[in-house]
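Student: Could you walk me slowly through one part of this model and then show me what lies around it?
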Amino acid sequence: MDKKKIKEKLEKERDTLLEEMRDMGKLNTDTGEWDATPEESDVPETDQNDMADRFEDFEEKSSTIKVLESRLNSILKALKNINKESFGVCEVCKKDIELSRLEANPAARTCKKHLNKTSK
Ligand SMILES: [Zn+2]
């Protein structure tokens with residue numbers, strides 16, 4: 001398996017994710033988690049509908065950022081483990097995990113065949 005190639009891919013995706021996340025929110029240094037930032041607006045908040053819309057946008061952003069964050073965390077974890085012997089090796093059959101599976105889930109610990117064989 002070409003770990004170097006995977007590493008490059010992961011690093012690139014990490015940077016892309018971070019960029020997207022910075023667009024939507026910021027890292028809360030107290031909790032270590034990402035929070036969406038509310039939409040800033042110059043318009044006075046007199047219109048109730050507008051406020052509701054903005055709240056919805058914020059909710060949507062919050063849920064998107066959570067998805068990105070969990071993806072980012074699995075990438076960071078993979079990057080941390082990539083130099084280990086066990087990286088990219090199925091826990092069950094000890095064979096190389098399919099590249100396509102690693103790309104979809106860099107933190108994967110089993111091959112496609114043994115997808116459901118671990119309790120995670
Ligand atoms: Zn396996």
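In which sense do strand E1 and strand E2 pair, and over how many bridges?

Tutor: Happily! This is a predicted model, where local features need pLDDT of at least 70 and side-chain atom pairs count only at pLDDT 80 or more, while totals for chains, interfaces and linings use all residues. Residues are numbered from 1 along each chain as its sequence is written, and side-chain values use heavy atoms, with hydrogens and water left out.

Strand E1 (residues 25–28) and strand E2 (residues 33–36) run antiparallel and pair over four bridges. Strands (E, at least two residues) and helices (H or I, at least four) are DSSP runs numbered from the N terminus, and two strands pair if DSSP finds at least two bridges between them. Four residues lie between the strands of this hairpin, where Gly32 has a positive phi near 75°. Across the pairing, Leu27 has Trp34 in E2 as its bridge partner.

Trp34 leads us on to the largest nonpolar core, where Trp34 is among the residues with the most contacts, along with Ile6, Leu10, Met21, Leu72, Phe87 and Leu102. This core has 20 residues; such a core is a set of buried Ala, Val, Leu, Ile, Met, Phe, Trp, Tyr and Cys residues joined through side-chain atoms within 4.5 Å. Helix H1 (3–24) and H2 each contribute at least two residues to this core. At least three residues come from each of domain 1 (3–84) and domain 2 (88–120), with bounds from an automatic or database domain assignment.

Elsewhere you will find a zinc ion, held by Cys90 (SG), Cys93 (SG), Cys111 (SG) and His114 (ND1) at 1.9 to 2.3 Å. Donors are N, O and S atoms within 2.8 Å of the metal (3.2 Å for Na, K and Ca), and water is not among the atoms, so sites may look incomplete. The angles among the four donor atoms are 101 to 115°, making the zinc site tetrahedral (four donors with all angles between 85 and 135 degrees). Cys90, in the loop between helix H2 (48–81) and helix H3 (99–104), and His114, in the segment after H3, are 24 residues apart, so this pair links distant parts of the chain.

How open are these donors? Cys90 is buried at 1% relative accessible area, as are Cys111 at 4% and His114 at 10%, whereas Cys93 is partly exposed at 26%. Buried means under 20%, exposed over 50%, and partly exposed in between (1.4 Å probe, protein chains only).

Conventions: Four donors count as tetrahedral if all angles lie between 85 and 135 degrees; four count as square planar and six as octahedral if opposite donors are over 155 degrees apart and all others between 65 and 115; anything else is irregular.
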